[in-house]
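Visitor: I have a structure open and would like to go through it with you. Could we begin with the charged pairs and then turn to other topics?

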Amino acid sequence: MSNILVFVETRQGKIRKSSLEAITLAKKIGSKAIALVVDADADKIATELKEYGPDAVYTVKGIKNYSPDAYREALSAAIEKSGAKIVLASQTAMATDFIPAAAAKLNAGMVTDALEVKIDGGKVVTRKPIYAGKVLADYAINSDIAFVTIRPNVYPAESAASSPAVEELAVSIPVPKAEAKETKSASDELDVSEADVIISGGRGVKGPEGFEPLKELATLLGGAVGASRSAVDSEWISHQHQVGQTGKTVSPVLYVACGISGKIQHLAGMSSSKYIIAINKDAEAPIFDIADFGIVGDLFQVLPELTKKVKEVKG
Amino acid sequence: MNIFVFVKHVPDTEARIKIDSSGKNIATADITFMDSPYDEFAVEQALLLAEANEGSVVTAVTIGSEDAKQLLRDNLAKGVNEVVHINSDKFGQFDALTTAKIIAAFLKDKEYDLVLFGNKAYGADNSLVPSMVAGLLDVAQINLVTKMEISGKSVKAERQVEGMTEIMEASMPCVISAQKGLNEPRMKSLKGIMAAKKKEIPSISVGDVIPESELTMGIEVLSLQNPAAKEGGKKFEGEPVDAATELFKYMREEIKIV
Ligand SMILES: Cc1cc2nc3c(=O)[nH]c(=O)nc-3n(C[C@H](O)[C@H](O)[C@H](O)COP(=O)(O)OP(=O)(O)OC[C@H]3O[C@@H](n4cnc5c(N)ncnc54)[C@H](O)[C@@H]3O)c2cc1C
């Protein structure tokens, strides 16, 4: 099959973990996986990428700040150079910002938030949830070049050593029409969309302090804290943490829903989690219909006991 | 300022979605349609900007069937100045690329400073159209915007990206897609509803905007299905200490996460 170009996202000199997942997928379905790194420190990034087995790495070093126009140019140059017929990236705010513009310029079809990507009869076929997860759609991409972003955490990144040729691309960088001037880190917290474990709270946590026991367990397990819209709308926690139709879509290994009833709009964001645990006082709460393990009980009594046990082993 | 805001009629987000007999489309017979949730943030922002910048004109545009006109009436009732209905019965089957081509062709001969969208439409759940339109028109874009201000010909906006807030600056004309948090959408006023009732909704066809031959789709639906209902698993009811013991065992032995 064809060469696959993978856009590898970096932020503040760090590779986004889910970009590595895209490389793993590219290696599975393509003949050659070519990584594109846009970063002043791209050589260092290229060295780090070796462990994940790309066949080649293209670097673009001259773009100082993120700009959708400039990144689009870099991507277009890489597509032309590689002859790639498939462009893969992880589903992130950056990828869905500039890649669709590049796809449209090439008159190409694009599917975002794919759960599955394969090549079938010479075409790229993807599966993705639509209508907030109420429907699964299988699409074939018919254009000459196919663009796909994949949901983080669906294809685990696998290490595979390689010694890729690293090549710097000559890109004439336009004066950006839009450009990032600064970034404010919300914190060093792991984003829910990338976490393997999410401890999530809803109206049942009763207030901002109610999130403390959730944070403690999340930290112990190296995970992130999620929230329902009710908790976010009550301003107990910021919107960054919201999971669901108007929040983020997550697929962690483990999602623990604490004091969340399980309304359809919440389920839209988390039902593809591998394991779901629910802790809820109400035995009839709909969250139990999709939970692999449900605890009928008070989260403020159950969570501290659980944390105690986890501490004993993680100590 | 000339502001265009694109809105879309989508099935009620509370409604169950069924697949029709072709297996490639959803059955729309028993569902009511509404404004796609994020579009309301885009409309509100257009109205706020127009209020702050005298002489501005806000035009709301939708592509859709005859029924989608109601959406434009609702937006007139909220205070938009102009509306345009681009008539198409096939709209539900267009992919993002096709939709973006229609919108870009529509805007090409217009004067516009800002083009606003919701960051994604309920349905295809793609967030592709705003960026594709910006690409086709070769204008600036800022997506997932939660805060914005205008000074002169430039836009400064905040967008939420993974784990941080990114502050963007762009020159107009600019495509903006709205994220929740940008504003609090207003309700229709009674006076607005009455006034909107009398207004004529101008309608043009997709063919008036772009030759059908240019509307080759990038993607094709192979099949749609409702996901298999996940079955509830084990349930435990008892003392908190015992519940925690059971949970811990499950996390350790089944999920192998501790
Ligand atoms: C267009 C639209 C978009 C939406 N988008 C989203 C979205 O993105 N994300 C989202 O989450 N929602 C979304 N919603 C809202 C959704 O419909 C629900 O209102 C929301 O998810 C409810 O949040 P909750 O489960 O925290 O609250 P509730 O439904 O009030 O449930 C609270 C639960 O906590 C339990 N509880 C209380 N105290 C305790 C305790 N001490 N221990 C254990 N359990 C306890 C209760 O039994 C109850 O089940 C959306 C709605 C609409 C209309």
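**Salt bridges and the chain interface**

Guide: A:Asp43 and A:Lys61 form a salt bridge, their closest N and O atoms being 2.8 Å apart. Please note that this is a predicted model.

Visitor: Which parts of chain A does that pair tie together?

Guide: A:Asp43 belongs to helix H2 (residues 42-49), while A:Lys61 sits in the loop between strand E5 (56-60) and helix H3 (68-82), so the salt bridge ties together parts that are 18 residues apart in sequence.

Visitor: And how exposed is A:Asp43? What about A:Lys61?

Guide: A:Asp43 counts as partly exposed because its relative accessibility is 42%. A:Lys61 is partly exposed as well, with a relative accessible area of 26%.

Visitor: How many salt bridges are there over all chains?

Guide: A search of the whole structure finds 37. Of the salt bridges, nine lie across the interface of chain B and chain A.

Visitor: Which side chain does B:Lys180 meet in a salt bridge?

Guide: B:Lys180 pairs with A:Asp233, at 3.1 Å from N to O. Another salt bridge joins the side chains of B:Arg159 and A:Asp97, at 3.6 Å. That pair crosses between chains, running from strand E8 of chain B to helix H4 (residues 95-105) of chain A.

Visitor: Are B:Arg159 and A:Asp97 buried or exposed?

Guide: Both residues are buried.

Visitor: What about a pair within one helix? Where do A:Glu212 and A:Lys215 lie?

Guide: Both lie in helix H5 (residues 212-220) of chain A, three residues apart, which is about one turn of the helix. Their closest N and O atoms are 3.6 Å apart in a salt bridge. A:Glu212 is partly exposed, at 44% relative accessibility, and A:Lys215 is also partly exposed, at 34%.

Visitor: Which residues do salt bridges that share partners join into one network?

Guide: The network consists of A:Glu9, A:Arg11, A:Arg16, A:Asp97, A:Glu194, B:Arg159, B:Glu162 and B:Glu166.

Visitor: Turning to the interface, how many residues of each chain are in contact?

Guide: On chain B, 82 residues are in contact with 95 residues of chain A. The two chains bury about 7600 Å² between them, with 57% of that area on carbon and sulfur atoms. B:Glu162, B:Lys180 and B:Lys230 supply 9% of the area that chain B buries against chain A, more than any other three residues.

Visitor: How many residue pairs are in polar contact across the interface?

Guide: There are 46 such pairs across the interface of chain B and chain A. Helix H7 (residues 240-254) of chain B gives the most to the side of chain B that touches chain A, with twelve residues. By class, that side has 40 nonpolar, 22 polar and 20 charged residues.

Visitor: Where is B:Glu158? What does it contact?

Guide: B:Glu158 is in strand E8 (residues 154-161) of chain B. B:Glu158 counts as buried because its relative accessible area is 16%, under the 20% cut-off. Beyond its neighbours within four places in sequence, its contacts include A:Lys184, B:Leu144 and B:Ile167.

Visitor: New topic: how many disulfides over all chains?

Guide: The count is zero. A:Cys258 is buried, with a relative accessible area of 0%, and B:Cys174 is likewise buried at 0%.

Visitor: Finally, which helix holds A:Leu267?

Guide: A:Leu267 is in helix H7 (residues 264-270) of chain A, and it is buried at 16% relative accessibility. Apart from residues up to four places away in sequence, A:Leu267 touches A:Gly262, A:Ile287 and A:Ile290.

Technical notes. Residues numbered from 1 in each chain as written. Chains lettered and ligands numbered in written order. Predicted model: local features only at pLDDT ≥ 70, side-chain atom pairs only at ≥ 80, totals over all residues. Heavy atoms only, no water. Helix = DSSP H or I, 4+ residues; strand = E, 2+ residues; numbered from the N terminus. Buried < 20%, exposed > 50% of the residue type's maximum accessible area, 1.4 Å probe, protein only. Contact = heavy atoms within 4.5 Å. Disulfide = S-S within 2.5 Å. Buried area = accessible area lost by both parts, 1.4 Å probe. Salt bridge = Lys/Arg side-chain N within 4 Å of Asp/Glu carboxyl O. Polar contact = N/O pair within 3.5 Å; in protein donor to acceptor, adjacent residues only side chain to side chain. Nonpolar A, V, L, I, M, F, W, Y, C, P; charged D, E, K, R; others polar.
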